[in-house]
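Here's a quick tour of one protein chain, written for someone who likes to look while reading. Have the viewer open and follow along.

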Amino acid sequence: MAVGDEVFGLIPFVHDGAAAEYVSVPAGILAPKPKGLDHIQAAAVPLAALTVWQALVDHALLEPGQHVLIQGGAGGVGSFAIQIAVALGARVTATVSTRDIGFVTSLAVGTVIDYRTQRFEDHVRDVDVVVDLVGGDTQTRSWHVLRPGGVLVGIAAPPDPERGAARGARGVFFVVEPDRTQLEKITQLIDSGRLKPTVDRVVPLPRAREAYEALEKEHPRGKVVIEIAPG
């Protein structure tokens, strides 16, 4: 990359600056911005997409043809999880609220379960991988639909290792890390039309607090992006 190139990336968690006009980051963790995205769309990608990629590829060791259950498929991470799992050749089931059924269906998910009116245990079993973005009782119940040897990746909370051992399954919890090579693979999916970020809303930097409050009080569809005003 050269000075002036448009780039995107994940700022390391040990480094401040995600909500600031300027930030210094190691050049080695940045990747060229996908050509088909503007800066707002590109900003919605790295944290969520890298979380999903590392959950499915690095930790769950997902293989084509396996069945993935995504608990909470309409949010910022969940919407990426559906698309990336499909792109990796998985059969995907996602739980969502009633209002989001049409949205996740548009992401090419195989099966949609309305968690407000249905219990996912009544519809799936022998799942290879659960990506849990909800935690609590949902995560506890998820153990019962995993096949022996399956993997539960907890994004919202660490899985209980004792419950996993009782089911002959594996629980994983991790902190996402910057990775340029993985960003380049994610960019290939974006450029090929197989992955598209969804932006729920854009909030100006002076109102950044509203963005974080939205995550606490609402269930945004896709990502909430803080915009740095050009100047």
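What follows covers the core, one helix and its packing partners, and a few individual residues.

First, the ground rules. This is a predicted model, so local features need pLDDT of at least 70 and side-chain atom pairs count only at pLDDT 80 or more, while totals for chains, interfaces and linings use all residues. Residues are numbered from 1 along each chain as its sequence is written, and side-chain values use heavy atoms, with hydrogens and water left out.

**The core**

Let's start inside. The largest nonpolar core has 45 residues. A nonpolar core here is a set of buried Ala, Val, Leu, Ile, Met, Phe, Trp, Tyr and Cys residues joined through side-chain atoms within 4.5 Å. Buried means under 20% relative accessible area, exposed means over 50%, and partly exposed is in between (1.4 Å probe, protein chains only). Val-45, Leu-56, Val-68, Ile-70, Ile-82, Ile-84 and Ile-186 have the most contacts inside this core. Among the elements that each supply at least two residues of it are helices H2 (46-59), H3 (76-87) and H7 (180-191), along with strands E3 (67-71) and E4 (91-96). These labels are DSSP runs numbered from the N terminus, with helices (H or I) of at least four residues and strands (E) of at least two.

Apart from that core lies another, of 11 residues, including Leu-69, Trp-143, Leu-146 and Leu-152.

Ile-70 is a handy place to zoom in. Leaving aside neighbours within four places in sequence, Ile-70 is in contact (heavy atoms within 4.5 Å) with Gly-78, Ala-81, Ile-82, Val-92, Thr-93, Ala-94, Thr-95, Val-131 and Leu-133.

**H2 and its partners**

Is H2 mostly covered or mostly open? Mostly covered: 10 of its 14 residues are buried. The buried ones are Pro-46, Leu-56 and the unbroken run from Ala-48 to Ala-55.

On to packing. Two packed helices are described by the angle between their axes and the distance between the axes. The axes here are lines fitted to C-alpha atoms, for helices over the stretch in contact, and the angles run from 0 to 180 degrees between N-to-C directions.

The axes of H2 and H3 come within 9 Å and cross at roughly 50°, so the two helices are oblique to each other. On this scale, under 35 degrees is roughly parallel, over 145 roughly antiparallel, 65 to 115 roughly perpendicular, and the rest oblique. On the H2 side the contact uses Ala-48, Ala-49, Thr-51, Val-52, Trp-53 and Leu-56, and on the H3 side Gly-76, Val-77, Phe-80, Ala-81, Ile-84 and Ala-85. That contact divides into 10 nonpolar residues, two polar and no charged. For the bookkeeping, Ala, Val, Leu, Ile, Met, Phe, Trp, Tyr, Cys and Pro count as nonpolar, Asp, Glu, Lys and Arg as charged, and the others, Gly among them, as polar.

H7 is another partner. H2 and H7 pack at an angle of about 100°, with their axes 10 Å apart, and are therefore roughly perpendicular to each other. Pro-46, Ala-49, Leu-50, Trp-53, Gln-54 and Asp-58 of H2 meet Gln-182, Leu-183, Lys-185, Ile-186 and Leu-189 of H7. This time the split is seven nonpolar, two polar and two charged.

**Individual residues**

Here are some residues worth clicking on.

| Residue | Relative accessible area | Class |
|---|---|---|
| Leu-47 | 36% | partly exposed |
| Leu-61 | 53% | exposed |
| Asp-126 | 47% | partly exposed |
| Pro-204 | 32% | partly exposed |
| Val-225 | 5% | buried |

Leu-47 is in H2 and touches Leu-10, Phe-13, Val-176 and Lys-223, not counting residues up to four places away in sequence.

Leu-61 sits in the loop between H2 and E3 and has a positive phi of about 55° although it is not a glycine. Asp-126, in the loop between strand E5 (111-114) and E6, also has a positive phi, near 55°.

Which strand holds Val-225? It is E10 (residues 223-227). Skipping residues up to four places away, Val-225 touches Ile-40, Ala-43, Ala-44, Val-199, Arg-201, Val-202 and Val-203. Pro-204 lies in strand E9 (residues 199-204), and its C-alpha is 8.5 Å from that of Val-225, 21 residues away in sequence. With the same kind of neighbours left out, Pro-204 touches Ile-226 and Glu-227.
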